[in-house]
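Grab a pencil and work through these exercises with the structure open beside you. Try each task before you read its solution.

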Amino acid sequence: MRLDRFLSNLPRFSRADARLLLAEGRLRVDGQVVRDSRHEVREFSRIELDGELLQAGKPARYFMLNKPAGVVSATEHAEYRTVLDLLDEPDRHDLHIAGRLDLTTTGLLVLTNDGLWSRHLTQPRNRLGKVYRVHTEQPITEAYAEVFARGLYFAYEDLTTLPAELEILDSHCALLTLHEGRYHQVKRMFGHFRNRVIGLHRERMGPLRLDEHLAPGQYRPLSADEIAAVRHPTAG
């Protein structure tokens, strides 16, 4: 929210008080003096008035995990282990999943407590492609690439998928880049050709590439450069 609104929401300050404090340069956000009432603050922001702490701010956390098959992309589940069960982290239930994977799908999964950042990573309008390595039961032909590039109509949702890019690696394996995340989308796209997907592995999400040193079930924090690359993909 705006900084002036944050201040006026505190019982001790009115809107007039907030404007005066800002004009006098008595407020710091993350260590920097802020005078602009429209300055956006979040739950991660450290806000101080004359050295008095008004909001400590909580640390933003970002992790990449190599999801194994048989683990659910959920925070809790009655039958299967969840991806949160793989994390040895304090307050792990504060984290959410940015772009879920099916039970049998493996590969890159991102977890964070930063909702704005994760929405930027996953929203189709930002065109941060998700790259999947697909193995199929039957051969893949160039006809697949042509159809996927045009988009496929999904009757259940009454929509046409966004254009997707297919790079054929060999007769039964390809890289598929999607810019959205529909229910069982990859399997349904190949199902259009009556070709069953027998292996699905996510390698990339936008500028984030799965760390080849992470074994299935392992995870690590994202680097500062990786986090920034999602916010500013042209700079990454």
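**Exercise 1. Find the strand that holds threonine 112, and decide whether this residue is buried or exposed.**

Solution. Start with the place: threonine 112 belongs to strand S7, which covers residues 106-112. Keep in mind that you're looking at a predicted model. Next, take the relative accessibility, which is 0% for threonine 112. The cut-off for buried is under 20%, so threonine 112 counts as buried.

**Exercise 2. Work out which backbone atoms the side chain of threonine 112 reaches.**

Solution. Step one: look at arginine 61, whose backbone oxygen sits 2.7 Å from a polar atom of the threonine 112 side chain. Step two: look at aspartate 114, where the backbone nitrogen is 3.0 Å from the side chain of threonine 112. Polar contacts are N or O pairs within 3.5 Å. Step three: list the contacts of threonine 112, skipping neighbours within four places in sequence. You should get Arg61, Tyr62, Asp94, Leu95, His96, Trp117 and Ser118.

**Exercise 3. Describe the backbone angle phi and the surroundings of aspartate 50 and aspartate 91.**

Solution. Begin with the usual case: most residues other than glycine have a negative phi. Now check aspartate 50: its phi is positive, near 50°. Aspartate 50 sits in the loop between strand S3 (47-49) and strand S4 (52-55). With 52% relative accessibility, aspartate 50 counts as exposed.

Do the same for aspartate 91, which has a positive phi near 50°. Its loop runs between strand S5 (62-67) and strand S6 (96-98). Aspartate 91 has a relative accessibility of 56%, so it counts as exposed.

**Exercise 4. Decide whether the chain is a compact globule or more spread out.**

Solution. First, count the elements: the chain has six helices and 15 strands. Then compare two numbers: the radius of gyration is 22 Å, while the globule rule gives 18 Å for 236 residues. The chain's value is well over the rule, so the chain is more spread out than a compact globule. Finally, check the C-alpha trace, which spans about 70 × 35 × 35 Å along its principal axes.

**Exercise 5. Find what share of the chain is buried, and what share of its contacts join residues at least 24 apart.**

Solution. Of the 236 residues, 44% are buried. For the contacts, take those between residues at least 6 apart in sequence: 60% of them join residues at least 24 apart.

Note on methods. Residues numbered from 1 in each chain as written. Predicted model: local features only at pLDDT ≥ 70, side-chain atom pairs only at ≥ 80, totals over all residues. Heavy atoms only, no water. Helix = DSSP H or I, 4+ residues; strand = E, 2+ residues; numbered from the N terminus. Rg over C-alpha atoms; globule rule 2.2 N^0.38 Å. Buried < 20%, exposed > 50% of the residue type's maximum accessible area, 1.4 Å probe, protein only. Contact = heavy atoms within 4.5 Å. Polar contact = N/O pair within 3.5 Å; in protein donor to acceptor, adjacent residues only side chain to side chain.
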